[in-house]
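Hi,

Here is the structure I promised to pass on. Have a look at it first, and then read my notes underneath.

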Amino acid sequence: MVLSMKKFLGIIILGLLLSGNAYAECIKGDCKEGYGEYIYENGKYSGNYKKSKKSGKGKYEWNDGTWYEGNWKKDKRSGKGTYYNTEEKYLAEGFYRKNKRDGRFLITYDDGRKYDDY
């Protein structure tokens with residue numbers, strides 16, 4: 001059976017569209033209500049979920065090695081947390097609100113330098 005070029009291209013395009021979902025899936029536990037581990041296209045989250053959103057304590061690790069560990073609310077960093085930036089090589093400890101730093105942070109670089117940041 002010979003496929004026409006249009007059908008062949010359609011099958012290829014459909015396959016490419018569906019393969020995008022392979023990068024996002026729950027690999028362990030309950031990623032809707034409870035503790036779970038979820039692989040995203042840009043990283044992995046291990047922690048608590050509420051209504052299918054990161055909520056409570058958890059850790060997100062980006063593919064480049066950067067990570068955030070702390071509290072989450074509705075998929076956003078919220079509350080006390082620690083962020084490590086692999087590109088600039090520093091650890092930031094403090095509080096977040098709606099994914100943004102909120103208040104005082106202690107910044108510690110890998111070479112030992114420390115700063116208070118507001």
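Below is what I found, going from the whole chain down to two single residues.

First, the ground rules. This is a predicted model, so to speak of local features I needed pLDDT of at least 70, and side-chain atom pairs count only at pLDDT 80 or more, while totals for chains, interfaces and linings use all residues. Residues are numbered from 1 along each chain as its sequence is written, and side-chain values use heavy atoms, with hydrogens and water left out.

**The whole chain**

The protein chain has one helix and nine strands; these are DSSP runs numbered from the N terminus, with helices being H or I of at least four residues and strands being E of at least two. Starting at the N terminus, the order is α-β-β-β-β-β-β-β-β-β. Of its 118 residues, 25% count as buried, where buried means under 20% relative accessible area, exposed over 50%, and partly exposed in between (1.4 Å probe, protein chains only). Contacts (heavy atoms within 4.5 Å) can also be sorted by distance along the sequence: among those with a separation of 6 or more, residues 24 or more positions apart account for 2%. About 8500 Å² of the protein chain is exposed, and carbon and sulfur atoms supply 54% of that; the areas come from the Shrake-Rupley method with a 1.4 Å probe, and for residues only the protein chains shown count as cover.

**The sheet**

Nine strands make an open sheet with antiparallel pairing, in the order E1-E2-E3-E4-E5-E6-E7-E8-E9; two strands pair if DSSP finds at least two bridges between them. At the edges sit E1 (25-29) and E9 (114-117), each pairing on one side only.

Zoom in on the E4 to E6 stretch. E4 (residues 53-62) and E5 (residues 67-73) run antiparallel and are joined by six bridges, with Lys57 opposite Asn71 in E5. The two form a hairpin with four residues between them, and Gly65 in that turn has a positive phi of about 100 degrees. E5 is also joined antiparallel to E6 (residues 76-85) by six bridges. Here Glu69 has Thr82 as its bridge partner, and Trp72 stands opposite Arg77. The hairpin of E5 and E6 has two residues between the strands, and Lys74 takes a positive phi near 50 degrees.

**Two residues to click on**

Thr66 lies in the loop between E4 and E5. Is Thr66 buried or exposed? Thr66 is buried, because its relative accessible area is 5%. Leaving out neighbours within four places in sequence, Thr66 is in contact with Tyr60, Glu61, Tyr83, Tyr84, Asn85 and Thr86. Its side chain makes a polar contact of 3.1 Å with the side chain of Thr86 (a pair of N or O atoms within 3.5 Å; within protein, one must be able to donate a hydrogen and the other to accept it, and residues adjacent in sequence count only if both atoms are side-chain atoms).

Lys54 lies in strand E4. Lys54 counts as buried because its relative accessibility is 8%. Residues up to four places away in sequence aside, Lys54 touches several others, including Tyr40, Tyr45, Trp72 and Asp75.

Cheers
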